[in-house]
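Please work through the following exercises with the sequence and the model open side by side. Each task is followed by a solution that proceeds step by step.

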Amino acid sequence: MNAITSVQADDMKAAVVTGPGQLHVERLAMPEPAAGQLRVKLEGCGVCASNLTPWSGPEWMRFPTEPGGLGHEGWGTIDAIGDDVAGFAVGDRVATLSQHAYATYDLADQGNIVRLPAWLDNRPFPGEPLGCAMNIFKRCDVQPGQFVAIVGIGFLGALLTQLCVAAGAHVIAISRRPFSLEVAKRAGALETIEMTDHWQIIEKVKQVTRGQFCDRVIEAVGKQWPLDLAAELTRERGRLVIAGYHQDGPRQVNMQLWNWRGLDVVNAHERDSAVYVQGIRDAIAAIEAGRLDPWSFLTHRFPLERLDDALNMTRDRPDGFLKALVIYR
């Protein structure tokens with residue numbers, strides 16, 4: 001069970017992970033922005049599947065985490081500005097690329113903040129995963145009329161389904177959960193296939209694509225079998241895009257297959273914060289243009305004191321779950 005420590009005036013709340021599957025919420029003094037930084041009063045933060053490995057307590061993990069650590073999908077309102085900051089004002093509503101967003105306040109460099117337009121007022125906006133989806137989609141180079149298989153329909157896979165459909169592609173959605181497949185169908189997928197038997201999936205995709213397999217395949221699970229499957233579904237000279245978060249150990253690849261089919265293999269993860277920021281701007285533009293609509297995919301909300309429940313639900317993925325938010329207001 002989590003707990004809240006003693007309260008003091010002009011303070012903030014922040015979650016601290018103290019051990020595998022354990023956390024508490026601390027109260028501490030609010031940080032002051034340094035030069036080039038802004039302080040954001042956070043409205044909420046998305047819960048990312050990349051948190052699950054440290055949450056499980058692998059050998060390399062060090063506890064306790066820094067207050068607010070692991071949270072990186074925050075949004076809120078600027079409430080203090082450091083020296084040498086231009087283009088922002090107190091009261092601006094923004095999405096942040098900050099690293100301690102499991103807290104009611106966080107600091108961010110001015111280059112890692114995107115101002116949100118007024119038409120997004122009262123909408124939750126976890127900018128980082130939305131920008132991530134846009135950046136992956138750009139790396140896919142999807143063209144109208146192409147067959148695109150998406151292996152793994154979580155929040156990211158659902159967003160990519162929308163984007164590929166809007167680009168005129170024929171999407172084949174593959175997932176182990178019937179709920180996820182229904183989400184993909186509502187997002188416009190041409191075909192949905194339950195992720196059960198490896199060879200049955202391959203045969204079904206072969207039928208749908210008239211024996212040619214897929215021009216683009218996006219692996220969005222982060223496990224060995226889906227990666228193997230994704231390669232099998234990619235046509236000759238097709239593009240295999242790795243969007244899954246593979247951080248729990250080494251992977252093996254079928255280089256004979258990759259080589260024989262002449263695949264373009266793209267690791268679609270970005271590390272340059274400027275690229276992430278542009279992805280967030282692109283997501284805002286895609287939403288405004290009607291090519292992206294993430295709101296129905298944000299299925300569960302928790303207060304900060306129940307961040308442990310949010311993380312466990314992200315791990316267990318019960319029926320009806322796609323994405324959790326921690327809300328501070």
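**Exercise 1. The sheet and its helices**

Across which strands does helix α5 lie? Before solving this, note that the model is predicted, so that local features need pLDDT of at least 70 and side-chain atom pairs count only at pLDDT 80 or more, while totals for chains, interfaces and linings use all residues. Residues are numbered from 1 along each chain as its sequence is written, and side-chain values use heavy atoms, with hydrogens and water left out.

Step 1. Fix the elements: helices (H or I, at least four residues) and strands (E, at least two) are DSSP runs, numbered from the N terminus.

Step 2. Helix α5, residues 198-208, lies across β8, β9, β10 and β11, and runs at about 170° to β10. Here axes are lines fitted to C-alpha atoms, for helices over the stretch in contact, and angles run from 0 to 180 degrees between N-to-C directions.

Step 3. Place these strands in their sheet, which is open, has 6 strands in the order β10-β9-β8-β11-β12-β13, and shows parallel pairing. Its edge strands are β10 and β13 (264-267), each of which pairs on one side only; two strands pair if DSSP finds at least two bridges between them. On average, and with direction ignored, neighbouring strands of this sheet are turned by 15° against each other.

Step 4. Add helix α3, which packs on the sheet and touches β8 (147-151), β9 and β11, where contact means heavy atoms within 4.5 Å. The direction of α3 makes about 175° with that of β8.

Step 5. Look inside the sheet: strand β11 (residues 214-219) and strand β12 (residues 234-242) run parallel and are joined by 5 bridges, and E219 has I242 in β12 as its bridge partner.

**Exercise 2. Two helix pairs**

Determine how α5 is oriented against α6, and how α2 is oriented against α8.

Step 1. The axes of α5 and helix α6 (residues 224-232) come within 10 Å and cross at roughly 30°. Angles under 35 degrees count as roughly parallel, over 145 as roughly antiparallel, 65 to 115 as roughly perpendicular and the rest as oblique; α5 and α6 are therefore roughly parallel to each other.

Step 2. In the contact of these helices, H198, W199, I201 and I202 of α5 meet W225, D228, L229 and E232 of α6. By class, this contact has 5 nonpolar, 1 polar and 2 charged residues, with Ala, Val, Leu, Ile, Met, Phe, Trp, Tyr, Cys and Pro counted as nonpolar, Asp, Glu, Lys and Arg as charged, and the others, Gly among them, as polar.

Step 3. The axes of helix α2 (residues 127-140) and helix α8 (residues 273-289) come within 7 Å and cross at roughly 90°, and α2 and α8 are therefore roughly perpendicular to each other.

Step 4. Residues of α2 including L130, M134 and K138 meet residues of α8, among them Y276, I280 and A283. The contact of α2 with α8 divides into 8 nonpolar, 5 polar and 3 charged residues.

**Exercise 3. Burial**

Is H198 buried or exposed, and which residues of α4 are buried?

Step 1. Buried means under 20% relative accessible area, exposed over 50%, and partly exposed in between (1.4 Å probe, protein chains only).

Step 2. H198, found in helix α5, has a relative accessible area of 15% and is therefore buried.

Step 3. In helix α4 (residues 178-186), the buried residues are F179, S180, L181, V183 and A184. These buried residues pack against α3 (155-166), β9 (170-175) and β10 (191-194).

Step 4. K13, placed in strand β1 (residues 11-19), is buried because its relative accessible area is 19%. Leaving out residues up to four places away in sequence, K13 touches V25, E26, R27, A103, T104, L304 and E305.

**Exercise 4. Backbone details**

Which peptide bond is cis, and where is the positive phi of L70 placed?

Step 1. The peptide bond from F63 to P64 is cis, with omega near -5°, and P64 is found in the loop between α1 (52-56) and β4 (74-81).

Step 2. L70 is in the loop between α1 and β4; its phi is near 85°, a positive value in a residue other than glycine. L70 is partly exposed, with a relative accessible area of 22%.

Step 3. F213, in the loop between α5 and β11, has a positive phi near 65°, and counts as buried at 12% relative accessibility.

Step 4. Just after α4, G188 takes a positive phi of about 110°.
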